[in-house]
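I open this notebook to record what I looked up in the structure. The entries cover salt bridges, the contact between chains and the packing of helices.

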Amino acid sequence: MSAPDRDGGPLEVRGVVRRYGAVTALDGVDLDVPAGATVALLGPSGCGKSTLLRLLAGLEAPDAGRITLAGEDLTAVPPRRRGVGMVFQDFALFPHLDVGANVAFALVEAGWSRAARRDRVAQLLDRVGLAGAERRRPHELSGGQQQRVALARALAPHPRTLLLDEPLSNLDRALRQDLEGELRELLATLDVRAVYVTHDQQEAFALGDVVALMRAGRIRRVGPPAALLDAPGDVWTASFLGVREVLPAAVGRRLGFGGPVLLRSDALTPDPGGRAFTVERVAPLGEELAFDLHDPDADVHLRWVGRPRELPAAPPGAGEVLRLRVPDTAWTPLEDAP
Amino acid sequence: MRGRGALHPGHVAAVLAAAFLAVLLLAPLLAIVARGVAAAPLAALQEIVRDPFFAERLGRTLLQATLSTVLTLAVGLPGALAFAHYRFPGKAALRASFTVPFVMPTVVAGAGFLALVGPGAPLDVGAMDTLALVLAAHVFYNHAVVVRMVGGFLEAAAPHLRDAAATLGAGPLRTAWRVTLPLALPAILAAAALVFVFTFTSFGVIVILAPGGTWNTLEVEVYRSVARSLQLDVAATLAVVQLVVAMAVAGAYTALQARSAVPLRSGAPLPRPGRGGVAVLVATLAPPLLLTLAPLAALAWRSVVPPGADGPTLLGWRAAFAPSDLLGVASGGQATWTSLRFAGVSALLATLAGGAFAYAVVRGGHRWLDRASLLPLATSSVTLGLGILLAWPAWAGTFAGLAAAHALIGMPFVARALLPSLRGIPASRTAAAAVAGAGPWRRLLRVDLPALRPALVAGGGFAAAVSLGEFGAALVLTRPEWATLPVAIYQRLGRPGAENYAAAMAMAVTLMVATGLVMALLDRLGGRGEW
């Protein structure tokens, strides 16, 4: 365990570059992880997010750039002295050790007494809902239980930073949602600095105080989830986040914008005096109806979802007209960066 | 998915595999046991065991095999750990070169050491007939077993676990102690068991490097009893004792192998070594590399510069490949042709048999055949030859007899190459083919076989290489006109004169190149087995 004053500072990544032969996995990354905060690194596979995590852990060294924690340069510090705890995508539990010995692994290295280890292990297993599982073997556990053990093992020595590498991606959907909730609660109460790598947007937005969006070895945008959704900034980000409706540059120019533009279809409201859209298709979506619409004037296709009772009359069918008001706030210009 | 009542290929394969094993392994072994026990009822057996000559043979064989195993581990383990830890340029080539001695025929290994330290050799320090020389040769061709089995296991299973240990506060040494070694223990013990069986039943190395007889293994004594004096009773009794020890250790091996054969997975990429890592790599890998290359280089050199020659001469090569006018000495050309024919036929048979084993295990659900397929590995070749001689006397001296023996010895290599590939075919693919209307036989033809082609070629090639180098069974079962290359080399080494010596070296180089070519081809095809 380290002194509290060092724990208080931010983890800073500055200009970090990592190459594998001709491939540049990280191309000048800057990132701040404040104490107590959870940063979600979100991006498609191959964007470099797992590499960045391995650099933070010290499992690999950057080709250029620095990693500091509260001003202390960590770049050349080996993983065992960084005070990190890491949860691996494939759990990486030691198959030759039982659950208790897995959780206590770091405590042995840190020289804890037998009694202190036993107490800490019991406390952590209780915390992750596996009280009394000390003597079980990893292969006897379900995937979710293995992931809980991996989390307990990473937290055991009170790490300054918790690194999570797609911890839920090997689990099935229902379990993933349960564990996501548990993780969120845990991260909030532990007051540990955490970096959470995922390719799942929902997970990133649920767990991250800040979401850092990565693409092709660079951090594209950083911000709180709501801010990212409100102002995705460029076409790629908006598309990756699934924000509707991204209109390409040609359409944007036709509508009088400088380039591509975001049309928030959820800002559109039924209005008898509004713009006329031709309904191409209607499909039920739970209690709501999804309309595939076409604006013949601007030649814009978009999908609008609404409750039938919000509509002034009976819902229009295919080929009929739906009138919607398009407020100015529905439009957000986007950068045309590739 | 199994058609009710229909003849499922998995069951047909099981019947074929069982029949193969029964005829070629079980019947010969039972024939030996029957002969050995019949020859020596309990009282007589006790007498044999009390015979100081016999006790000495058993004791020395055990001592030699134990020392060989310990030394092989000592040389192989650091290399295996270094292999599993780092990625570095030339690693694949180095791995391949470490496998060379393992697939090199024992006769080539023996001839190589003879060329290096034998009479008139550059390092002639009077090592002939010493235990040290036997041990060196055993380490030479067995340390690859350790590097492959232990290194391969760790490389596949351990990188992500080492990462985990590093983030949990363990340095490299602590990680090796707390994670890597405990993980590898089953693989280490399995490798040790295999090395013990190989060296306990060692034959070619002993008869070439320790012809004085001090370090004769039971296997050599079995051969001497058969060949020199046709004392089949004594041979059978000796073989039974040897079988009991070898089978017990082999049983341990198969049990351990099952534990250490984890499904191969690609973990995180291995790190490149730092400055300290390079030092570790050089320190651990250079000695075995030297041990691997020196005898083979000496062999090639001595084939053109025989002892007493003033300079390079092709005398040996000419003598080796000229038509032989000596009785009981095959010409090199003849022997090469014979070896290639045996290799081709036995590899084909081994591929069919190994395929039947793998298919019966994976598709037929006959799990017991998985371990049974390893049994031929534990059966030494002279003993097998003796067994075939006793069980099927009509095969003695025929082409079929030796081809069958070689097929049996090669079969495990095919089965072990096929098993992971067959297991790797996703169940959904089989199901998709079944839904599309393909019955089990059609699935075998249209789904499994195409996916198995690389493994089939790799396993068959391995079996061919093994047949090329097989010595003991060939010596027992062949007539002079069927002499294979290893037998012809041994014939030449037994004759006096520099010309015969150089001819033996020339043929050993031929055998080395032939085996090397087969293995290089396999490495290119990238077959990887479950060991």
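**Salt bridges**

Over all chains I count 25 salt bridges. I note at the outset that the model is a predicted one.

I looked up one pair within chain A. The side chains of Asp63(A) and Arg18(A) form a salt bridge, with an N to O distance of 3.5 Å. This pair joins distant parts of the chain, its members being 45 residues apart. I place Arg18(A) in strand E1 (residues 11-20) of chain A, and Asp63(A) in the loop between helix H2 (49-57) and strand E4 (64-69) of that chain.

**Chain B against chain A**

I next asked how many salt bridges there are between chain B and chain A. The count is three. For Arg174(B), I find a salt bridge with Glu109(A), in which the closest N and O atoms are 3.0 Å apart. I recall that side chains of opposite charge can pair when their charged atoms come close.

For the contact as a whole, I list 19 residues of chain B and 20 residues of chain A. The two chains bury about 1,900 Å² between them, and carbon and sulfur atoms give 64% of that area. Which three residues of chain B supply more of its buried area against chain A than any other three? I find Thr167(B), Leu168(B) and Arg178(B), which together supply 39% of the area that chain B buries there.

**H14(B) and H18(B)**

I then turned to the helices of chain B. Helix H14 (residues 332-362) and helix H18 (residues 399-424) of chain B have axes that come within 5 Å and cross at roughly 40°. Because angles under 35 degrees count as roughly parallel, I enter H14(B) as oblique to H18(B). I record their crossing as right-handed. The contact of H14(B) with H18(B) comprises 20 nonpolar, six polar and two charged residues.

**H18(B) and H20(B)**

H18(B) also packs with helix H20 (residues 440-469) of chain B, at an angle of about 150° and with the axes 8 Å apart. Angles over 145 degrees count as roughly antiparallel, and I therefore enter H18(B) and H20(B) as roughly antiparallel to each other. Is this crossing left-handed or right-handed? H18(B) passes H20(B) in a right-handed crossing.

From H18(B), the residues I list in this contact include His406(B), Gly410(B), Phe413(B) and Leu418(B). From H20(B), they include Asp448(B), Leu452(B), Gly459(B), Gly460(B) and Phe462(B). By class, I enter the contact of H18(B) with H20(B) as twelve nonpolar, six polar and one charged.

Methods
Residues numbered from 1 in each chain as written. Chains lettered and ligands numbered in written order. Predicted model: local features only at pLDDT ≥ 70, side-chain atom pairs only at ≥ 80, totals over all residues. Heavy atoms only, no water. Axes fitted to C-alpha atoms, helices over the stretch in contact; angles between N-to-C directions. Helix = DSSP H or I, 4+ residues; strand = E, 2+ residues; numbered from the N terminus. Parallel < 35°, antiparallel > 145°, perpendicular 65-115°, else oblique. Left-handed = near helix turned anticlockwise from the far one by under 90°. Nonpolar A, V, L, I, M, F, W, Y, C, P; charged D, E, K, R; others polar. Contact = heavy atoms within 4.5 Å. Buried area = accessible area lost by both parts, 1.4 Å probe. Salt bridge = Lys/Arg side-chain N within 4 Å of Asp/Glu carboxyl O.
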